[in-house]
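Visitor: I should like to discuss how the labels attached to this structure are justified. Please take me through the reasoning.

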Amino acid sequence: DMQSKLAEISVTGSAGGDMVKVTVNGQMSVTDVTIDPIAVNPGDVPMLEDLVLAAMSDAMAKVREKIQSEVSSLTGGMDIPPGFMGG
């Protein structure tokens with residue numbers, strides 16, 4: 001069923017040369033965040049915030065693409081309406 005397929009999807013987005021990684025599942029839930037200690041500079045918190053945001057955006061784009069691919073394979077290639085995947 002579709003919900004179990006979505007739960008099995010997992011993608012990782014990254015930013016800053018993989019200094020920040022965010023993993024998202026097919027239900028659009030963040031399941032893991034990894035931050036390389038080198039990215040943690042108390043004097044430049046805004047940079048770290050930007051890296052986390054960029055990694056999350058990357059992960060969300062990848063998971064939407066993966067979901068669309070999975071749904072397309074289940075629907076025999078029928079187009080998915082725009083906005084259906086939240087993007």
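**Accessibility, salt bridges and a nonpolar patch**

Guide: In this predicted model, Lys62 has a relative accessibility of 36% and therefore counts as partly exposed, since that class lies between the 20% and 50% limits.

Visitor: Why is the contact of Lys62 with Asp58 called a salt bridge?

Guide: The closest N and O atoms of Lys62 and Asp58 are 3.4 Å apart. The criterion asks for a side-chain nitrogen of Lys or Arg within 4 Å of a carboxyl oxygen of Asp or Glu, so the pair qualifies. Both residues lie in helix 2 (residues 45-74), 4 residues apart, about one turn of the helix.

Visitor: What makes Asp58 partly exposed?

Guide: Its relative accessible area is 25%; buried would require under 20% and exposed over 50%, so Asp58 falls in between.

Visitor: How do you know that Glu70 forms a salt bridge with Lys66?

Guide: Their closest N and O atoms are 3.9 Å apart, which is within the 4 Å cut-off, so the pair is accepted. Glu70 and Lys66 are 4 residues apart in helix 2, a separation of about one helical turn. Glu70, at 22%, is partly exposed, and Lys66, at 37%, is partly exposed. By this rule the count comes to 2 salt bridges.

Visitor: What makes Val33 eligible for the nonpolar surface patch?

Guide: Val33 has a relative accessible area of 45%, and patch residues need over 30%, so Val33 meets that condition. The patch, of about 370 Å², also includes Val30, Ile35, Val40 and Met56. Strand 3 (residues 30-35) contributes its largest share, 3 residues, and Val33 lies in strand 3.

Notes
Residues are numbered from 1 along each chain as its sequence is written. This is a predicted model: local features need pLDDT of at least 70, side-chain atom pairs count only at pLDDT 80 or more; totals for chains, interfaces and linings use all residues. Side-chain values use heavy atoms; hydrogens and water are left out. Helices (H or I, at least four residues) and strands (E, at least two) are DSSP runs, numbered from the N terminus. Buried means under 20% relative accessible area, exposed over 50%, partly exposed in between (1.4 Å probe, protein chains only). Patches are made of residues with over 30% relative accessible area and no salt bridge: like charges are joined within 9 Å, nonpolar side chains (Val, Leu, Ile, Met, Phe, Trp, Tyr) within 5 Å. Accessible areas come from the Shrake-Rupley method with a 1.4 Å probe; for residues, only the protein chains shown count as cover.
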